[in-house]
Amino acid sequence: MIELKSVTRRFGDAVAVDDIDLTVETGEVCVLVGSSGCGKSTTLRMINRLLPRTSGEILVDGEDINKADPEALRLNMGYAIQSTGLFPHWTVARNIGVVPDLLKWPAGKRDERVDELLILLGLDPETDAIKYPHQLSGGQAQRVGVARALAGDPNILLMDEPFGALDAITRENLQQEMLRIQRQLNKTTVFVTHDIDEALKLATRIAVMDKGKIIQHDTPEEILRRPASAFVENLIGKGDRGLKLLALRSVGELMERYPQPRKREPNADGLKEADSLRFALSVMVWKNASRLPVNSEAGEEVGTVTREQLLQGGA
Amino acid sequence: MRVWLAPLVLIASLCLLAAWLPTMTPFFSWVEPGSDNLIYKRDSFLTLLQSHIWLVLVSAAIGTLVAVSAGIFVTRPFGREFLPLVSQIASIGQTVPPVAVLALAVPLMGFGEKPTLFALVLYGLLPILRNTLAGLNGINPAVLESAKGMGMSSVQVLLKVELPLAGRVILAGIRTSVTINIATAAIGSTIGARTLGDPVIAGLVNGNTAYVLQGAILIGLLALATDSLFEAVERTWARAFSA
């Protein structure tokens, strides 16, 4: 658990972070969202003491972080940034192994961990491990960056716009991977982004920041339904708020489930349980269908979802 | 291994030439016809070569140590205030001609190798310092930020990240400095240091072109050999820390 208590950070006369309180529960993904210069990165960098705070208290699991040795503190906090900051003179494997090395893990355990992470992030332990960072695409480099952050098996993950510089498709893919990895690992995560859609997608709770203050700290659904101010309303975009709400829930939550799974008709289209309601609606509009079958991961038809259900119960 | 071929050939030919020059009287009698003193004989060329290399080596070692430490010091948070001062001192070392440094050093340190070493160290500092600063400041700030964010201590950041990444640029600075000092060391002969400048000075004083030529050929070849040696080291470095 990370607790910020009336934390302030000044740069000269300018106040970057203004007396904020924030609690991030264990295992939760807290996304700090806001426009550039709102203090979200500053807040993040105070948590691993890359920046000292001007006043206030930051506690990790109840301990003031200023009492710990800064290096020991950071070794237990994975850190991934937008520009990746991969070490250009080291191979991918050595980059990922940097924290295990700093923690003085035996070489065998480190190498196992590196392979495990390469696979987890969808990289090839054979061919990608021996590459140098300049041989990677932007998306691959960012995957390595995330793998490196996870390598020491830290309790806390700090991510500063890790997908900000990627193209839309790669970003979407990596967000999916993040969700999958988070379900597997359950790290307490603080994630900084300026992209509200990314925030809505990844967050357990979102903290909207503006001019160094936290305007609203709530679940994605509450932020969409009850924005605390005109600023938040603007940020989420009034126009497609309904669609964004649909995007938060999965087909599996809304569908009418059959008592017994049925065998799928060959070639029949269908949704997956994990698909979002927004996706379901889009498919229905495209196909002009009023009802679509839903398939489980195993490929059996487990229920149906209708257009009326979507419109009435979706948002 | 191919990168080491050129420096090895050059070093071998330098040693062979230093040994065989005395037997090449026919060539030098063509350069300096009608003279009996065709070959410089006060010292053997190999002795001169040895002491020349020794002077350059010691001055380069001291210069590298001082300039790299100074460069590291002024790029740390606690030393940043000294950056202008240190670069000024190094620039002054470069602007004063080595002859003037020699002239000033003699009353203080006497004749011989000491004042020569002093002048060489002073003269060689700037290229190394300049490149150390350029190399350290040229590292992508995101790399340093993430190194620190991963939990490296400042010493670990320096040894594992900064120096390997800046190494090639620093090495290029040492290369410039050493190459300049191979030529500059010859001037040490004017104040009694034994270098390959001896035959050159003696030749100039006595109007003996053969002597001048013998010294100049060896100095030139030494500079070439050293330069290609550095080339090979730099390439090997680049391969070890491919960036």
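## Strands and the first sheet

Two strands are said to pair if DSSP finds at least two bridges between them. With that in hand, let's walk through this predicted model, starting with strands β4 and β5 of chain A. Strand β5 covers residues 63-64, and 2 bridges join this strand to β4(A), with the two running antiparallel. Within that pairing, A:Leu59 stands opposite A:Asp64 of β5(A). The hairpin made by β4(A) and β5(A) has 2 residues between its strands, and A:Asp61 takes a positive phi there, near 50 degrees.

Strand β4 of chain A, residues 55-60, also pairs with strand β1, residues 2-11, in the antiparallel sense and over 5 bridges. Here A:Lys5 has A:Glu57 of β4(A) opposite. These strands belong to an open sheet of 4 strands in chain A, ordered β2-β1-β4-β5 and paired antiparallel. At its edges are β2 (14-24) and β5, each of which pairs on one side only.

## A second sheet in chain A

Further along chain A you will find another open sheet of 4 strands, and this one has mixed pairing; its order is β11-β14-β13-β12. The edge positions go to β11 (256-262) and β12 (271-272) of chain A, and because each has a single partner strand, one side of each is left without a neighbour in the sheet.

Inside this sheet, strand β13 (residues 291-295) and strand β14 (residues 301-306) of chain A are joined by 5 bridges and run antiparallel. To find one of their bridges on your screen, look for A:Val294, whose partner in β14(A) is A:Gly303.

## A lysine indoors

Now turn to helix α11 of chain A, residues 241-248, where A:Lys244 sits. Is this lysine, A:Lys244, buried or exposed? A:Lys244 counts as buried because its relative accessible area is 7%, and the cut-off for buried is under 20%.

The side chain of A:Lys244 reaches the backbone oxygen of A:Ile236 at 2.6 Å. Leaving aside residues up to four places away in sequence, A:Lys244 touches A:Ile196, A:Asp197, A:Leu200, A:Leu224, A:Ile236 and A:Arg278.

## Where chain A meets chain B

How much area do chain A and chain B bury between them? The figure is about 1900 Å², with 65% of it on carbon and sulfur atoms. Three residues, A:Phe87, A:His89 and A:Leu102, supply 30% of the area that chain A buries against chain B, more than any other three residues. In terms of residues, chain A brings 23 to the contact and chain B brings 20.

As for polar links, 5 residue pairs are in polar contact between chain A and chain B, counting those with both residues at pLDDT 80 or more. The two chains also share 1 salt bridge. That salt bridge runs from A:Arg45 to B:Glu145, and the closest N and O atoms are 2.4 Å apart. On the side of chain A that touches chain B, the elements α2 (70-75), β6 (77-81) and α4 (98-102) each supply at least two residues. By type, the residues on that side of chain A divide into 13 nonpolar, 6 polar and 4 charged.

Terms used:
Residues numbered from 1 in each chain as written. Chains lettered and ligands numbered in written order. Predicted model: local features only at pLDDT ≥ 70, side-chain atom pairs only at ≥ 80, totals over all residues. Heavy atoms only, no water. Contact = heavy atoms within 4.5 Å. Buried area = accessible area lost by both parts, 1.4 Å probe. Salt bridge = Lys/Arg side-chain N within 4 Å of Asp/Glu carboxyl O. Polar contact = N/O pair within 3.5 Å; in protein donor to acceptor, adjacent residues only side chain to side chain. Nonpolar A, V, L, I, M, F, W, Y, C, P; charged D, E, K, R; others polar. Buried < 20%, exposed > 50% of the residue type's maximum accessible area, 1.4 Å probe, protein only.
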